[in-house]
Amino acid sequence: MFVLEYKVKAKPHQVQAIDEAIRTTQFVRNKVLRYWMDNRGVGKTELFRYNTRLRKEFKFVEELNSHACQTAVERTLRAITRFYENCKSQVKGKKRCDPAPSHGARERAPREGYPQFKRNTRSVEYKVSGWKLSEDRKHIVFTDKKGIGHLRLIGSRDLNYYHPEQIKRVRILKRADGYYVQFCIKLDPRLTVSKPLTPSQKAVGIDVGLKYFLADSQGNIEPIPQFYRKAEKRLKRLNRQKSKKFRKGQPQSHNYRKARQRYARKHLRVSRQREEFAKKVALRLIQSNDLVSYEDLNVAGLVKNRHLAKSISDAGWTLFRRWLEYFADKYGKIAIAVPPYNTSQNCSSCGERVQKMLSTRTHVCPHCGFVADRDTNAAINILKLGLSRVGRTRIHASGEIPSWLVGEILSANGDS
């Protein structure tokens, strides 16, 4: 699925209608989740039937498009399914995975991964009905009874390249700087490449870190930008301004809402800077190499370290990996994840284990005398692991692929 996003300029009455549609979606989701909690063993069919009952019982739910209500139920089902899958992956007998008790029973603390009620839903999602594009594909009209009406799409991507049948979902999203409309388009990513990339005949291994954003097996490094760290002083100041205007137990003032918007927009700017940086680096790696090997890091477990959580989150490793895999699939390259165990400890020259502390930044092998930066040594090990996983065992430390290996890599890519 491709997601094309456009900003929209909504009038005051349209803003109220969009917010009402979002609140209705949240209401349906929470009511369906409560029904699942109170009725153990109910399945997908019963939840959709309960959604139909809600539409008959509440007029504001009936005003929302029926497909939008169905997507709210589907979100609840995804949360329930994910919860049960997590339970199956745990050791049997250690944790119970029963639904929460009913209203009359004593409430227990929510278990890990248990579906939670939503308080700040920010989107409403339509399927193939409830909306209509104009002839020039630069405007969209929402046709349900919420009264959103006609919105102009502001963006550089042209929807005329896609058939209406390819648009499977339309989502209205609320962000700190306004409202956006997203189109989920079913399309093969390889079909969007206008010109095939010339094979670079190179492979690279990358090691992400906190001193550098990444170091590769060719000895290159990418400095870490630390967008959140640089904006932290400004964020704290905006947060203090917001907190000073907050009145507990009273309706909040217009100045408080403006201070909250300024604080949210700053956070949004930081997240966009981080994503654009990850996108730029990932694209450059894929375009300049035929194979990219990286560590399969458990980032969710690493951020549990309270001393490093902020730096790891600011680095955006998961976001970078997502873009790396996307561009590899789009341009027909190989991106392979390898286990990260002992990649920093093993010598990339002789393979012997050289124990070192995290503060030791230079790898010095007492067995063969190989000296290299710690992250570069790890990147070479990561590259070797990646090549061994696709049936290759040898590569030069510089990243150049031997001539006998080029044909095999291009054949694996489907370029030969």
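In the predicted model, pLDDT remains under 50 across residues 101-110, a segment for which 14 contacts beyond four places in sequence are found. A second such stretch comprises residues 401-416, where the pLDDT is likewise below 50 and where the model has 27 contacts beyond near neighbours in sequence. For the protein chain as a whole, the mean pLDDT is 85, with 86% of residues at 70 or more.

The protein chain contains eleven helices and 14 strands. Of its 416 residues, 43% count as buried. Among contacts with a separation of 6 or more, 66% involve residues 24 or more positions apart.

Helix 2 (residues 44-57) and helix 4 (residues 66-89) form a helix pair whose axes come within 10 Å and cross at roughly 145 degrees. The crossing of helix 2 with helix 4 is right-handed. On the side of helix 2, the contact is made by Lys44, Leu47, Phe48, Asn51 and Arg55, and on the side of helix 4 by Ser66, Cys69, Gln70, Val73, Glu74, Leu77 and Ile80. Classified by residue type, this contact between helix 2 and helix 4 consists of six nonpolar, three polar and three charged residues.

An open sheet is built from seven strands in the order 2-6-7-1-5-4-3, with antiparallel pairing. Its edges are formed by strand 2 (123-126) and strand 3 (131-133), each of which pairs on one side only. From one strand to the next, the twist averages 30 degrees.

At one edge of this sheet, strand 2 is joined to strand 6 (residues 167-175) by four bridges, and the two strands run antiparallel. Within this pairing, Glu125 has Arg171 of strand 6 as its bridge partner. In a regular strand, side chains alternate between the two faces of the sheet. In strand 2 both faces are covered: Ser123 and Glu125 lie on one side, Val124 and Tyr126 on the other, and all are buried. Two of these residues also take part in contacts with helix 1 (residues 12-38), in which Thr25 is found. Excluding residues up to four places away in sequence, Thr25 touches Ser123 and Val124, as well as Leu64, Ala72 and Arg75. Thr25 has a relative accessible area of 3% and is therefore classed as buried, the cut-off being under 20%.

At the other edge, strand 3 and strand 4 (residues 139-142) run antiparallel and are joined by three bridges. Lys132 stands opposite Val141 of strand 4, and Leu133 has Ile140 of strand 4 as its bridge partner. Strands 3 and 4 form a hairpin with five residues between them. Arg137 is located in the loop between strand 3 and strand 4. This residue has a positive phi of about 60 degrees although it is not a glycine. Most residues other than glycine have a negative phi.

Strand 4 is in turn paired with strand 5 (residues 149-154) in the antiparallel sense, over four bridges. Here the bridge partner of Ile140 is Leu151 of strand 5. Ile140 is thus bridged both to Leu133 and to Leu151. Strands 4 and 5 also form a hairpin, with six residues between them, and Gly147 in the turn has a positive phi of about 85 degrees.

A further positive phi, of about 55 degrees, occurs at Gln226, which is not a glycine. Gln226 is placed in the loop between strand 10 (221-223) and helix 5 (227-244). With a relative accessible area of 32%, Gln226 is partly exposed.

Elsewhere in the chain, Val204 is found in strand 8 (residues 203-208). Val204 is buried, because its relative accessible area is 1%. Its surroundings, not counting residues up to four places away in sequence, comprise Asp216, Ser217, Gln218, Leu285, Asn289, Leu291, Val292, Ser293 and Leu383, each of which Val204 touches. Val204 and Ile382 are 178 residues apart in sequence, whereas their C-alpha atoms are 8.8 Å apart in space.

Note on methods:
Residues numbered from 1 in each chain as written. Predicted model: local features only at pLDDT ≥ 70, side-chain atom pairs only at ≥ 80, totals over all residues. Heavy atoms only, no water. pLDDT = per-residue confidence, 0-100. Contact = heavy atoms within 4.5 Å. Axes fitted to C-alpha atoms, helices over the stretch in contact; angles between N-to-C directions. Left-handed = near helix turned anticlockwise from the far one by under 90°. Nonpolar A, V, L, I, M, F, W, Y, C, P; charged D, E, K, R; others polar. Pairing = 2+ DSSP bridges. Buried < 20%, exposed > 50% of the residue type's maximum accessible area, 1.4 Å probe, protein only.
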